[in-house]
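Trainee: I am new to this structure and would like a close look at a single part, namely the aromatic rings and how they sit against one another. Could you take me through them slowly, in one connected account?

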Amino acid sequence: MEPISIAMIADFFHPDVGGVENHIYMLSANLIRRGHKVIVITHSRPPDRVGIRWLLPALKVYYLPIVPIASGATLPNFFTFLPYLRTILIREHINLIHAHASLSSLGHEGILHSHLLGVRTVFTDHSLFGFEDAASILTNKLLAGTLRNVDAVICVSHTGRENTVLRGELFSQSDDHPPRLVVSSNVYVIPNAIVAERFQPGPLTLSDTITIVVLSRLAYRKGIDLLVATAPRICAAFPNIKFLVGGDGPKLIDLLQMREKFLLQDRIELLGPVKHNDVRSVLIRGSIFINTSLTESFGISILEAACAGLYVVSTKVGGVPEILPEDMISFAEPDEDDVFRAISEAISIVSARKHDPFKAHERIKTFYNWAQIAERTENVYDTVMKSEQRELWDRILRTMQLGRYAGPIYTIILLVDCLFFLFLEWWMPRENMDFVTHHWDHRRFAAITRQQDQ
């Protein structure tokens, strides 16, 4: 594939820590190593991270002066984001934008605006959502409107693919009799990955004490209520068990109250927020890793723990069963009694020395590799760039198919967006822009660094 210029767009990025943030950075870094130009567009971070920053290797980040409201997400900006996006995409000569996360307003708006500039669009969905509550219904309809005219969709698991296809209405009826639903051909599955060298197992210990590690955001959807209910039972049944819990969130108070109620201060250690650079040092203190999520599209923390040599216990939800072989993980239904059973099974396996951390690490190294993920994503980009781009009238017709009410609303937004774009073309002509002509030179940077070292 010929090198192209790519813009990653999302509300979630460094210095925030999380699976989406890490995915964007690692994918960008590996695409740069494959010869592409990559930039990231996100919102500002308090107190003063606004403007342009550089991250190694040669990753330029635009922190726009847009303030997040909660959990790192911004309110929908629609037309106020267009002047920023238009200027950046034109100045940087961007060929394709890659938006991330269903709850990223900037990602949705980037897909809406980019077609006006002839820029191709790809969307990656990292999460699973339901269909019943009001929040999910509104989010799903917003996603369906965004994906109506996107060029390609990437999901991080096959379960996530099924979820995204249903939520985004990425299917059509065949001409067969009786007709059947056919999934759009532009939906792909590309998993997450890790840098296995960063998660080397720790030295083997001969202690009888077994430490169970939990690293998670302490929130309801992460199943912390299951942990609160199960941990005292495990401590009572196995005197040689200790818990090590890292993370922060609204459910921290429940863990603190449970620890106080059952007098487990010496058995359950709460670490608070853990930086990504410190994850390995926490993981190698334990032998078992627990994930009690109620919904999970992929679960990168499970992969990191298994790579560090821990035996994994997880609820059998979402895309989790796709991550590891059966002999490296014990599954449980999201039920207190079944979680207790699975943890007890894991304790027996680890106590009997049936799990080899170093063999587990070597196996993980062959399963997930960022170079392979970047190559597969590059193939999606190549397919998109070679495909025919939809005309405005086709986009309007497809948008009108969203429904009796949603269709006209989205179509009005699309038309107003076009008019505002034409106004910007007149008000800020392209010929008056200061185009980016110089890019990061790896060889020059290396030479300057060597001179400074000398």
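Mentor: What follows goes through the ring pairs, and then the charges that sit over rings. Please keep in mind throughout that this is a predicted model. The structure holds six aromatic pairs, and two of them can be described here in detail. A pair of aromatic rings is described by the distance of the centres and the angle of the planes.

Take the pair of phenylalanine 298 and tyrosine 368, whose ring centres are 5.9 Å apart and whose planes stand at 85°, so that the pair is edge-to-face, the cut-off for that class being over 60 degrees. Phenylalanine 298 belongs to the loop between strand S14 (288-291) and helix H9 (300-307), while tyrosine 368 belongs to the loop between helix H11 (357-367) and H12, and the pair therefore ties together parts that are 70 residues apart in sequence. Both partners are covered: phenylalanine 298 has a relative accessible area of 5% and is buried, and tyrosine 368, at 9% relative accessibility, counts as buried too, because buried means under 20%.

Phenylalanine 423 and tryptophan 427 also form an aromatic pair, with 5.8 Å from centre to centre and 20° between the planes, and this one is stacked. These two residues lie four residues apart in helix H14 (residues 406-427), so about one helical turn separates them. As for their surroundings, phenylalanine 423 counts as partly exposed at 38% relative accessibility, whereas tryptophan 427, at 54%, counts as exposed, since exposed means over 50%. The two rings also belong to a cluster, in which ring pairs link Phe79, Phe420, Phe423, Trp426 and Trp427.

Rings in this model also have charged side chains placed over them. Arginine 233 lies over the face of phenylalanine 340, at 4.5 Å from the ring centre, and the charged end of lysine 316 sits over the ring of phenylalanine 331, at 5.7 Å from its centre.

To end, it helps to return to helix H12, named above as one border of the loop that holds tyrosine 368. Helix H12 spans residues 370-386 and includes glutamate 378, which counts as buried because its relative accessibility is 8%. The side chain of glutamate 378 makes a polar contact with the side chain of arginine 34, at 2.8 Å, and, leaving aside neighbours within four places in sequence, glutamate 378 is in contact with Met1, Arg34 and His36.

Methods:
Residues numbered from 1 in each chain as written. Predicted model: local features only at pLDDT ≥ 70, side-chain atom pairs only at ≥ 80, totals over all residues. Heavy atoms only, no water. Buried < 20%, exposed > 50% of the residue type's maximum accessible area, 1.4 Å probe, protein only. Polar contact = N/O pair within 3.5 Å; in protein donor to acceptor, adjacent residues only side chain to side chain. Contact = heavy atoms within 4.5 Å. Phe/Tyr/Trp six-rings, centres within 6.5 Å; stacked < 30°, edge-to-face > 60°. Lys NZ or Arg CZ within 6 Å of the ring centre and 35° of its normal.
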